[in-house]
Amino acid sequence: MIKDEGRLSLILPLPTLLVISGRYMVVNVRIRSSLHGSTPVSAVIIVAAVFLPPPLVILSVAIGKLTDQLLKHASIPAKVGFNVGKEVLAGTAATAAVAVVGFPPILAASGRGEALSTALTVTVVAWVAYTIVDELVSQALFAMLTRTPYRERLFADWGILTVVQVGTFGIAVATVVAYYINYWLLLLLPLLLWCIHLASGNRVRARQGNEAWQRLAEATDEFNSVDQTAVLHAAVRKAAELFSTDEVEVQIRPHTGEERLVRSNGRDILYDGHPDEAPSVTGFVIPIGLESYRGDADLGELRLRFRAPIKLTEREGYTLHTFAAALCTAIRNAATFAETQRLADSHARAAAQDPLTRLANRRKLQQYGDEVLATGIVGVLLIDLNHFKEVNDTLGHSAGDRVLITVGERLSAAVREGDLVARFGGDEFAVILANLSAPALAEMRAHTILDALTPPIQLDDMRISVEASCGVTTASGGTIGELLRRADVAMYQAKQDGQRVVVYAHARDTADIGTLTLGGDLAHAVAEGQFVVNFQPIVDLATGQVIGAEALTRWNHPDRGDLAPDRFLPAIERSGQLAAFADAVLDQALTAVSRWADAGHAIPVAVNVSPRSLLDPSFPDAVARRLAARGVQASSLVIELTESVTLSKLEVVDDVLAALRDQGIRLALDDFGTGFSSLATLARVAVDELKIDRSFVAAMNASAPGAVVRSTVDLGRSLGLIVVAEGIEREEQRQQLWELGCPAGQGHLFARAMPADRLLAALRRGHDGQPGLLAPPLHDTDTVIRLPRNRRSRRASTGEPGQEWVP
């Protein structure tokens with residue numbers, strides 16, 4: 001029962017009137033095409049819950065909010081119902097919280113009711129209950145409208161909400177305190193609400209402005225891509241988010257190419273293609289043109305689409321112009337990059353393409369050949385058209401060009417995927433056959449390809465038959481330049497012999513006569529640094545760890561391509577350039593050792609030495625000077641000797657080898673077992689390593705070669721020498737050699753010869769994340785290996801320790 005009718009008459013109309021007046025104190029937030037506002041009148045509802053009985057509170061809130069909503073949204077029943085229901089629900093929560101704590105409404109008590117401290121405590125309870133319910137319901141609606149997770153919406157805009165809720169709480173507390181002082185002070189409540197409204201609105205607008213600029217900066221950051229598709233997709237997605245639209249589309253009209261339309265709802269790309277084929281859509285559209293910075297080029301249009309008409313604020317309009325300008329710049333940059341890329345690709349194709357036949361040219365052929373040579377067996381065909389000069393002389397060059405074009409088309413149609421056809425110039429064509437399973441297939445493929453040239457070529461009213469000669473060669477290493485030279489040799493042999501296809505044979509390579517003239521190029525080659533040293537790693541067969549490297553020298557001849565040592569060493573040994581050559585090779589090898597050591601990979605290098613160098617008494621001093629110059633320990637150098645050290649003047653050779661050993665340099669006997677005096681040489685020369693020749697490793701499963709391998713391993717173990725197997729190409733060879741007791745090896749299974757920098761990179765990269773490894777270990781660490789019975793019996797008979805055979 002209301003005890004004070006005077007106070008009741010003053011306070012009772014206030015909640016309803018203030019809720020109605022809230023329509024004049026709204027802070028609006030636009031979400032897509034709908035405006036959503038918040039007012040400070042929630043403080044009125046909280047105060048009413050403290051002062052009035054629950055039925056009157058709910059009735060005042062319902063009447064006031066319904067009147068307010070009907071004045072604003074009479075045509076939208078759903079919106080009216082939601083807003084009225086939310087306020088009634090929140091007001092009910094506040095009154096229920098007051099009732100739960102047992103606080104009687106102030107106007108229902110005699111006098112001023114409970115003490116001020118109690119009234120303030122209950123005000124806090126009512127404020128908390130109201131705020132929780134109001135936020136839970138409001139953010140659920142916002143999450144649905146913005147299509148964002150509910151949890152994310154609950155914690156969004158916490159800065160703005162804090163200001164509003166703290167203001168609400170302050171109003172409620174001030175109202176209660178004012179009442180306890182003099183209830184006539186309640187007449188100042190509308191003025192207080194208006195002040196809170198102004199402060200909250202300014203805060204909300206400032207916060208929205210800051211967030212808008214931040215989102216604008218984030219959106220334009222995604223325009224840094226030079227890919228046009230990425231720019232357009234980012235533009236429509238970010239614009240939908242930035243301007244809270246239902247859809248966004250960008251239509252561009254490039255100077256070259258077709259028009260393009262991209263449309264998105266902010267989450268998905270709804271359409272990307274030609275504008276004429278786009279599905280029709282309806283809605284309220286805000287367009288803005290995409291113009292160049294001078295305004296003299298129309299690049300297209302950006303369109304914001306809403307389900308209902310809206311009006312952008314001044315800030316949103318300025319943001320839209322800034323966004324459109326950034327998008328315009330990004331589109332121009334992407335178009336410029338695309339044109340630059342197109343020109344670059346065009347130039348690259350022109351640089352690698354024969355202009356007449358559109359086939360690859362010599363440059364492209366050499367590049368591709370070097371690539372596929374590292375992957376397996378490669379065949380090279382060199383094809384020359386017979387009597388083509390007669391076609392040019394009789395029918396003219398135009399007819400000859402048509403013949404060349406037709407020949408190129410037929411050759412291209414006859415090869416397989418992965419092969420390459422190139423025109424060398426004139427009437428010569430080359431074909432690279434990649435990834436052959438066997439060398440013999442190259443000749444068969446050559447006949448098949450030449451069969452494609454058999455049908456006559458129709459030139460106006462004439463039919464011309466084309467014949468060709470073809471040279472064939474194969475390899476699984478080396479350089480494409482050398483293969484082309486060999487194919488050229490074979491092709492001229494085919495012409496001379498009147499044959500269609502000839503396979504290169506070394507015995508008939510008259511080009512070897514050219515080695516007689518190499519001596520005149522040696523001095524220039526040494527001075528110009530044409531001798532290049534590559535390195536093939538030596539690996540511990542059990543662990544896969546790199547334990548050394550062998551230096552392999554090639555002559556990068558400017559006219560003859562890369563020459564193997566057997567092509568130029570005889571000429572060097574006959575010339576006066578042997579000492580300079582040996583010094584240049586040794587310097588490159590020791591430089592590599594020094595760089596590897598600085599990078600944390602201290603591995604020795606093995607250098608092959610010409611037998612004639614061992615006849616030079618000054619050779620050890622030259623080696624010592626080179627070691628000192630590069631700061632390399634003598635133990636990091638291994639000198640590999642061939643069995644030809646059994647020359648005349650053995651005393652000189654013995655003195656040179658002794659001087660090298662006295663410095664701490666290690667000696668290795670290369671190609672052991674291939675000569676007639678292996679054991680005699682081993683007995684006379686104190687070496688540290690034996691190297692099993694690759695020919696024995698390749699035929700290891702045969703009885704005789706296998707016996708040589710086994711005896712060499714046993715001999716090395718008996719003499720305490722390191723045994724290195726050369727030419728390991730398959731994993732089963734590695735396994736067999738390890739089981740025989742061979743500790744180390746090298747070959748294509750682990751790596752081909754490579755420059756020092758590439759080997760260092762391989763050491764750093766390692767295998768399976770372990771630097772220094774080029775292959776996985778044969779067995780896990782500490783794994784006990786059950787050995788074959790013959791190996792256990794051999795170990796027992798020789799008295800060797802068991803742990804040697806347990807990795």
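## Briefing: a helix pair, an open sheet and model confidence

The protein chain has a mean pLDDT of 77, and 74% of its residues reach 70 or more. Please keep in mind that this is a predicted model. Below we look at Asn 392 and the helix pair around it, then at a sheet of 5 strands, and finally at where confidence is highest and lowest among the elements.

**Asn 392 in its setting**

- Asn 392 sits in helix 13, which covers residues 388–395.
- With a relative accessible area of 17%, Asn 392 falls under the 20% cut-off and therefore counts as buried.
- Leaving aside residues up to four places away in sequence, Asn 392 touches His 397 and Gly 400.
- Val 403 lies 11 residues from Asn 392 in sequence, and their C-alpha atoms are 9.8 Å apart in space.

**Helix 13 against helix 14**

- Helix 14 spans residues 397–414 and packs with helix 13 at an angle of about 140°, the two axes being 6 Å apart.
- The two helices are therefore oblique to each other, because an angle has to be over 145 degrees to count as roughly antiparallel.
- On the helix 13 side, the contact is made by Phe 388, Val 391, Asn 392 and Leu 395; helix 14 contributes His 397, Ala 399, Gly 400, Val 403 and Leu 404.
- By type, the residues of this contact between helix 13 and helix 14 comprise 6 nonpolar, 3 polar and no charged.

**The open sheet**

- Here 5 strands form an open sheet with antiparallel pairing, and their order is 5-4-3-7-6.
- Strand 5 (269–273) and strand 6 (284–291) are the edge strands, each pairing on one side only.
- From one strand to the next, the twist averages 10°.
- Strand 4, made of residues 260–264, pairs with strand 5 in the antiparallel sense over 4 bridges.
- Arg 263 has Tyr 271 of strand 5 as its bridge partner.

**Where to read with care**

- Among the elements of the chain, strand 23 (residues 744–745) has the highest mean pLDDT, 95, while helix 27 (residues 789–798) has the lowest, 37.
- Residues 5–10 have pLDDT below 50, and this stretch makes 12 contacts in the model beyond near neighbours in sequence.
- Over residues 783–807 the pLDDT stays under 50, and the model has 29 contacts for them beyond four places in sequence.

Definitions and conventions:
Residues numbered from 1 in each chain as written. Predicted model: local features only at pLDDT ≥ 70, side-chain atom pairs only at ≥ 80, totals over all residues. Heavy atoms only, no water. Buried < 20%, exposed > 50% of the residue type's maximum accessible area, 1.4 Å probe, protein only. Contact = heavy atoms within 4.5 Å. Axes fitted to C-alpha atoms, helices over the stretch in contact; angles between N-to-C directions. Parallel < 35°, antiparallel > 145°, perpendicular 65-115°, else oblique. Nonpolar A, V, L, I, M, F, W, Y, C, P; charged D, E, K, R; others polar. Pairing = 2+ DSSP bridges. pLDDT = per-residue confidence, 0-100.
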